[in-house]
Amino acid sequence: MATLLLFFLLAVSVVSADEDAFLGVNIGTDLSDMPSPTQVVALLKAQNIRHIRLYDADRAMLLALANSGIQVTVSVPNDQLLGIGQSNATAANWIARNVIAHVPATNITAIAVGSEVLTALPNAAPVLVSALKFINSALVASNLDHQIKVSTPHSSSIILDSFPPSQAFFNRSWDPVMVPLLKFLQSTGSYLMLNVYPYYDYMQSNGVIPLDYALFRPLPPNKEAVDANTLLHYTNVFDAVVDAAYFAMSYLNVTNVPIVVTESGWPSKGDSSEPDATLENANTYNSNLIKHVLNNTGTPKHPGIAVSTYIYELYNEDLRPGSVSEKNWGLFNANGVPVYILHLTGAGTVLANDTTNQTFCVAKSGSDPKMLQAALDWACGPGKVDCSPLLQGQPCYEPDNVVSHSTYAFNAYFQQMAKSSGTCDFKGVATVTTTDPSHGSCRFPGSAGRNGTVVNGTSLAPSSNSTSSGCLSLYFHGGGSFTSSVIVGVLLLSTSVLF
């Protein structure tokens, strides 16, 4: 970015092994009304965000963060990399100005030297390791090397043949950089920084990668990707990319350097060429990512070991050049209003804007319309859902299609069953979302109505021996085209802090 970019890492303090776990979000300053540093810190505190990463070492931000208790990662911008990589004195001056001047009041715990240098600034690659060493030497001289770790973020595109993960390796043209870099990380007890974007993997796969696989949505066992060499099962793109990096390191005989994902996220809006950059998918991805990390699920190669992850990003960047999606990766707008409400049950007070505890059941995107119709007929019949709002002339009749009508019926059943586990499935054509599917005058059961009250669903429930199998329909859906439904997943947040 041409302007200063601040990466804020949204984090929670949870314990994984003997280390804290964190999840982060990135933030840019390409905003029409950029919040002041004090406003940013106020938002971080209000959301209980305990770890942040700055793309630079902005003095005003570092001063605002003083005595906040928030752990900070500062960065050496790419445009300063050549100077630092060629001069130990320049590196020492950078540390004096941007680190020593602020600690211990500001809790700086890591330095990211450059960003995706091998792919974004390849002419600086020959001095990258020198830059890391010079920065670390300056920390050693100031007795700060045990408190502050040094690394550099990489694009996951430096990994070739990433599936199956066991066959992955780093682009060998970068071996003269990667080998000494990994040795440096080993010797200093640091970690490999990796940017992982399943959104781009999905977009560039030409339909090979299913959307559910990119969004952490549950897959049937026969749809899971299996590494034939290890027989490990992969249920999402994120884990596969992280494990590919671990295998790529082992190919270079490095097995004891942990991975921190320094960027990951999903855009909430895109242009016509990016139909899956939607608010619902962004909510689904980030919610499920957080859940995946908070649960300390780990990866198939390293189960139970959480992957420290930074969410990209804290704010939408309405002035950022490029495609529509480039401006819409944020969790918040510049005024601090959330773009969408992440439902983070079990994440403590993190993201305190999530006060509604609202979840809904909606038709799953891409479902067979015949299966939707069958499930709709059951819900409005044996399921004893009050489907009268779907009749012609009633508030929820429009849009008159099977996706919209089944979404209403599925949610009404889900609400009347008190959101019990398994009541939002309907043979795989329904999913839970935190996005209120209400529209216009059609208010869905469980929705906070216009007056702020919750709309209750029908109290009628099916008998205990009711099933969803082949009952004769008591409700027949009329015409209407088949359209995509609104879908969003729920829950998530965690990663292991490795410093």
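**Strands, helices and buried residues**

Me: Which residue is the bridge partner of Met-193 in β14?

Reply: The partner of Met-193 sits in β14, residues 259–264, a strand that pairs with β11 in the parallel sense over 4 bridges. Helices (H or I, at least four residues) and strands (E, at least two) are DSSP runs numbered from the N terminus, and two strands pair if DSSP finds at least two bridges between them. Opposite Met-193, the β14 residue is Val-260.

Me: What kind of model is this?

Reply: Residues are numbered from 1 along each chain as its sequence is written, and side-chain values use heavy atoms, leaving out hydrogens and water. Local features need pLDDT of at least 70, side-chain atom pairs count only at pLDDT 80 or more, and totals for chains, interfaces and linings use all residues, since what you have here is a predicted model.

Me: Which residues point the other way from Leu-192 and Leu-194 in β11?

Reply: In a regular strand the side chains alternate between the two faces of the sheet. In β11 (residues 192–195), Leu-192 and Leu-194 point one way, and all four residues are buried (under 20% relative accessible area; exposed is over 50%, partly exposed in between, with a 1.4 Å probe and protein chains only). The ones pointing the other way are Met-193 and Asn-195.

Me: How many residues of β14 are buried?

Reply: Start with its partners: Ile-259 of β14 stands opposite Leu-192, and 2 bridges join β14 to β15 (residues 309–312), running parallel. In that second pairing Val-261 has Thr-309 as its bridge partner. As for cover, β14 is mostly covered, and its buried count is 6 of 6.

Me: Which residue in β11 is the bridge partner of Ser-155?

Reply: β11 also pairs with β8 (residues 153–155), running parallel and joined by 3 bridges. Within this pairing, the partner of Ser-155 is Asn-195.

Me: Which strands are the edges of the open sheet of 4 strands?

Reply: The order is β4-β5-β6-β7, with parallel pairing. An edge strand pairs on one side only, and that is the case for β4 (51–53) and β7 (149–151).

Me: What angle does the direction of α6 make with that of β6?

Reply: First, the pairing at this end of the sheet: 3 bridges join β6 (residues 107–113) to β7, and Ile-111 stands opposite Val-150 in β7. Helix α6 (residues 125–141) packs on the sheet and touches β5 (71–76), β6 and β7. Angles run from 0 to 180 degrees between N-to-C directions, with axes as lines fitted to C-alpha atoms, for helices over the stretch in contact. For α6 and β6 the angle is about 160°.

Me: How do α6 and α7 lie relative to each other?

Reply: The axes of α6 and α7 (residues 175–188) come within 9 Å and cross at roughly 15°. Angles under 35 degrees count as roughly parallel, over 145 as roughly antiparallel, 65 to 115 as roughly perpendicular and the rest as oblique. So α6 and α7 are roughly parallel.

Me: Which residues of α7 make the contact with α6?

Reply: Contact means heavy atoms within 4.5 Å. On the α6 side, the residues are Ala-125, Leu-128, Val-129, Leu-132, Lys-133 and Asn-136. On the α7 side, they are Val-177, Pro-180, Leu-181, Phe-184 and Thr-188.

Me: Why do α12 and α13 count as they do, and what is the word for it?

Reply: The axes of α12 (residues 369–380) and α13 (residues 402–416) come within 9 Å and cross at roughly 40°. Residues making the contact include Trp-378 of α12 and Phe-410 of α13. Given that crossing angle, α12 and α13 are therefore oblique.

Me: Is Val-103 buried or exposed?

Reply: Val-103 lies in the loop between α4 (88–100) and β6. Leaving aside neighbours within four places in sequence, Val-103 is in contact with Ile-108, Leu-144 and Gln-147. With a relative accessible area of 17%, Val-103 is buried.

Me: How far apart in space are Glu-280 and Tyr-340, C-alpha to C-alpha?

Reply: Glu-280 is found in helix α11 (residues 279–294) and counts as buried at 19% relative accessibility. Along the sequence, Glu-280 and Tyr-340 are 60 residues apart. In space, C-alpha to C-alpha, the distance is 8.6 Å.

Me: Which residues is Ser-68 in contact with, leaving aside its neighbours within four places in sequence?

Reply: Ser-68 lies in the loop between α2 (59–64) and β5, and at 10% relative accessibility Ser-68 counts as buried. Leaving those neighbours aside, the contacts of Ser-68 are Lys-45 and Arg-50.
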